[in-house]
Amino acid sequence: MKLATLKDRTRDGQLVVVSRDLTRCVSARPIAATLQAALDDWAHVGPRLADLAHDLELGALPSQRFHEHDALSPLPRAYQWADGSAYVNHVALVRRARGAEMPESFWTDPLVYQGGSDTFIGPRDPVRLGSEDWGIDLEAEVAVVTDDVPQGATREQAAAAIRLVMLVNDVSLRNLIPAELAKGFGFFQSKPSSAFSPAAVTPDELGPAWDGGKVRLPLLVSLNGKPFGRADAGVDMTFDFPALIAHAAKTRALGAGSIIGSGTVSNRDADGGPGKPITEGGVGYSCLAELRTVETIRDGQPKTPFLRYGDTVRIEMKDAKGHSIFGAIEQTVSPLVDPAEGEA
């Protein structure tokens with residue numbers, strides 16, 4: 001089953017069930033007005049939505065065209081957005097870039113931060129930010145949405161609580177991060193609103209690519225129309241989603257609708273070293289910071305700039321037949337106030 005939230009005049013949009021080929025949808029309002037409402041009562045609502053999805057595939061009810069540009073993030077706002085760093089290769093590289101040692105414990109104890117969840121960006125809406133000097137970066141990730149998770153949940157309880165899977169662009173402001181972390185109190189200004197894929201899908205939609213804890217497919221990233229990354233989300237993931245959820249729930253319960261991110265998908269090269277660019281036969285990267293670190297290691301300094309106004313990022317994942325699973329996050333970086341629009 002694939003679910004999306006269409007833009008309307010409300011903050012939380014309108015929940016729709018989307019066809020597997022992402023071309024058609026039907027309103028879920030008679031069952032649940034919003035995705036959060038569905039997640040709050042998933043035991044009863046989930047099966048009814050699945051029946052609606054089945055009828056949609058059969059063409060047994062009226063439907064409308066599904067346009068990804070009309071979609072908000074599946075959860076336009078959420079009670080919780082906790083992002084991990086499950087790909088420790090990525091952690092090692094970005095810490096190396098800012099001259100920070102990586103503790104050995106990072107290989108055995110997940111790293112998670114609590115992000116801002118009161119506003120998310122639509123998957124085809126611009127990323128509006130106040131300055132290019134902040135070091136604007138994309139971070140292509142996978143995320144899951146949970147049902148209620150009890151405090152102290154076991155791995156098995158955590159796995160059973162996974163309701164939906166989606167893609168993420170976790171926007172980062174790299175030039176603000178060092179000063180914030182130096183205060184010893186974590187991210188805030190350096191982590192603006194994130195964006196999620198047009199559709200969130202139930203794990204069964206992924207077929208054999210879902211192993212219960214990871215999505216074993218390449219995450220496709222392009223920058224200004226050129227291939228930038230195709231790292232496999234099922235490779236080099238040190239902590240899978242049940243491990244991340246259980247870690248997050250160690251001292252607190254997680255409410256239905258909590259979003260848990262994988263962190264930037266990152267693969268090592270075949271020789272065990274940092275990944276190579278696609279142009280050099282590698283799988284590329286899911287963020288600019290990794291490429292800049294590799295350039296520094298190789299050439300003594302980075303040469304690839306962070307994102308500038310007008311740059312466009314696309315993040316997508318396709319199944320074995322080449323069909324888009326979640327739809328695409330496609331966003332252009334823009335000034336906070338567009339001069340053509342004025343202050344209004």
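This passage describes side-chain contacts in a predicted model, from salt bridges to aromatic rings and charges over rings.

A convenient place to begin is with the charged side chains. Across the whole structure, the search returns 19 salt bridges. One of them joins Asp-12 to Arg-77, with 2.8 Å between the closest N and O atoms. Asp-12 sits in the loop that runs between strand 1 (2-6) and strand 2 (14-18), and Arg-77 sits in the loop between strand 5 (71-72) and strand 6 (81-84), so this salt bridge ties together parts of the chain that are 65 residues apart in sequence. With a relative accessibility of 24%, Asp-12 falls in the partly exposed class. Arg-77, at 37%, is likewise counted as partly exposed.

A second salt bridge is found between Glu-68 and Arg-124, where the closest N and O atoms are 2.6 Å apart. Here too the partners come from loops: Glu-68 from the one between strand 4 (64-65) and strand 5, and Arg-124 from the one between strand 7 (112-114) and strand 8 (127-129), so parts that are 56 residues apart in sequence are tied together. For readers following along in the structure, Glu-68 and Arg-124 are both to be sought among the buried residues.

A third salt bridge brings the side chains of Arg-314 and Glu-330 together, at 2.3 Å from N to O. This one links distant parts of the chain, with Arg-314 in strand 18 (residues 312-316) and Glu-330 in strand 19 (residues 329-335), 16 residues apart. Arg-314 has a relative accessibility of 27% and counts as partly exposed. Glu-330 is also partly exposed, at 29%. Elsewhere, salt bridges with shared partners connect Asp-137, Glu-139, Asp-170, Arg-174 and Lys-191 in one network.

Attention now turns to the aromatic side chains. The same kind of search over the whole structure gives 4 aromatic pairs. In one of these, the ring centres of Trp-81 and Phe-196 are 5.3 Å apart and the ring planes meet at 85°; planes over 60 degrees apart count as edge-to-face, so the pair belongs to that class. Trp-81 is part of strand 6 and Phe-196 is part of strand 13 (residues 195-196), so the contact ties together parts that are 115 residues apart in sequence. Both Trp-81 and Phe-196 are buried.

Phe-196 has a further ring partner in Phe-120, and this pair is also edge-to-face, at 4.8 Å centre to centre with 75° between the planes. Phe-120 lies in the loop between strand 7 and strand 8, while Phe-196 lies in strand 13, so the pair ties together parts that are 76 residues apart in sequence. The relative accessibility of Phe-120 is 11%; under 20% counts as buried, so Phe-120 is in the buried class. Phe-196 is buried as well, with a value of 1%. Taken together, the ring pairs link Trp-81, Phe-120 and Phe-196 into a cluster.

Finally, charges and rings also meet. Lys-191, one of the residues in the salt-bridge network, lies over the face of Phe-187, at 5.2 Å from the ring centre. In another such contact, Arg-292 is placed over the face of Phe-306, 4.1 Å from the centre of the ring.

Note on methods
Residues are numbered from 1 along each chain as its sequence is written. This is a predicted model: local features need pLDDT of at least 70, side-chain atom pairs count only at pLDDT 80 or more; totals for chains, interfaces and linings use all residues. Side-chain values use heavy atoms; hydrogens and water are left out. A salt bridge is a side-chain nitrogen of Lys or Arg within 4 Å of a carboxyl oxygen of Asp or Glu. Helices (H or I, at least four residues) and strands (E, at least two) are DSSP runs, numbered from the N terminus. Buried means under 20% relative accessible area, exposed over 50%, partly exposed in between (1.4 Å probe, protein chains only). Rings of Phe, Tyr and Trp (its six-membered ring) pair if their centres lie within 6.5 Å; planes under 30 degrees apart count as stacked, over 60 as edge-to-face and the rest as tilted. A charge sits over a ring if NZ of Lys or CZ of Arg is within 6 Å of the ring centre and within 35 degrees of the ring normal.
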